[in-house]
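Welcome, and please bring up the model in your viewer. We will start with the whole chain and then pick out a few pieces of it.

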Amino acid sequence: MNELAQQIIKVRQRLQQAAQRAGHKPVQLLAVTKQVSVERIEQAYTLGLTKFGESKVQEALPKLARLPQAEWHYIGRLQTNKVKDVVGRFALIHSLDRWKLAEALEGEAAKKEQQVGVLVQVNIGREEQKGGLDPAEVSDFIHELSSLPHLRLEGLMAIPPQTADPEEARPYFRAMFQLFSSLRSGGFKLKLLSMGMSQDFEVAVEEGANLVRIGSLLFGERA
Ligand SMILES: *Cc1c(COP(=O)(O)O)cnc(C)c1O
């Protein structure tokens, strides 16, 4: 068995065990394929991975063209001048983080007579350099989103501050789950909580993530 096949099995096992510890439903695995060649992505698809995440539009488009049968997610910072390349191609955009982008997506989706699935990105560590809404602004923001009929809000996404020990990220994941739960109790129909990467996905799942985004653990370290 080749290395990629082995890594997929390992990651799936660890994911399943973490989900069991958390006592909640299965977790979706998004394979992050930035800097991964299209040949290896095709191999991963053959091995059973079906959802892939990309963070740069220019890098992603040729890959999508080669593997249109896969489900592609956009996980990077998105500029408003790129929405035309994204709407209609990606099943889900994880990085909706400002009103101007919401309006741009709405305009493009309306033009193409399509719906666009989005997650609202939350800057849970309130880090200056990071995208995402301040946690205190999320409720008002998603309330406003209901005025944009071509956006389909599916949930929240977060990238907590980088820490050496994944345990240090636990309070951020927990805060995200609390925010997610309180918005749901408030009547917002949120399904997905996208958090956890190679270093910390088990902690994220234990705290309630139901979609994890894993790159280097599957495909090896990036250059
Ligand atoms: C690169 C990236 C990931 C995956 O990171 P790994 O540490 O390689 O698992 C997940 N989410 C986002 C937003 C990324 O940019």
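Keep every residue selected for now and consider how the contacts are spread along the chain: of those with a separation of 6 or more, 59% link residues 24 or more positions apart. Bear in mind as you look around that this is a predicted model.

Next, switch to a cartoon view. You should find nine helices and eight strands in the protein. Show the C-alpha atoms alone and align the view with the principal axes: these atoms fill a box of roughly 50 × 40 × 30 Å. The radius of gyration is 17 Å, which agrees with the value near 17 Å that a compact globule would have, because the protein has 223 residues.

Now turn on the surface. The accessible area is about 11,000 Å², with 49% of it belonging to carbon and sulfur atoms. Colour by burial, and 50% of the 223 residues come up as buried.

For the charges, select the 29 positive and 27 negative side chains. What distance separates the centres of the two sets? They lie 4 Å apart.

Time to zoom in. Select residues 211-214, which form strand β8, and show the side chains. L211 and R213 point one way, while V212 and I214 point the other way. Are these four buried or exposed? All are buried, and that includes the arginine, R213.

Last stop: add residues 28-32, which form strand β1. Strands β1 and β8 run parallel and are joined by four bridges. To see how the two strands line up, pick Q28, which stands opposite L211 in β8.

How values were computed: Residues numbered from 1 in each chain as written. Predicted model: local features only at pLDDT ≥ 70, side-chain atom pairs only at ≥ 80, totals over all residues. Heavy atoms only, no water. Rg over C-alpha atoms; globule rule 2.2 N^0.38 Å. Buried < 20%, exposed > 50% of the residue type's maximum accessible area, 1.4 Å probe, protein only. Contact = heavy atoms within 4.5 Å. Areas by Shrake-Rupley, 256 points an atom, 1.4 Å probe, with all protein chains shown as cover. Lys, Arg positive; Asp, Glu negative; His and termini not counted. Charge placed at Lys NZ, Arg CZ, Asp CG, Glu CD. Pairing = 2+ DSSP bridges.
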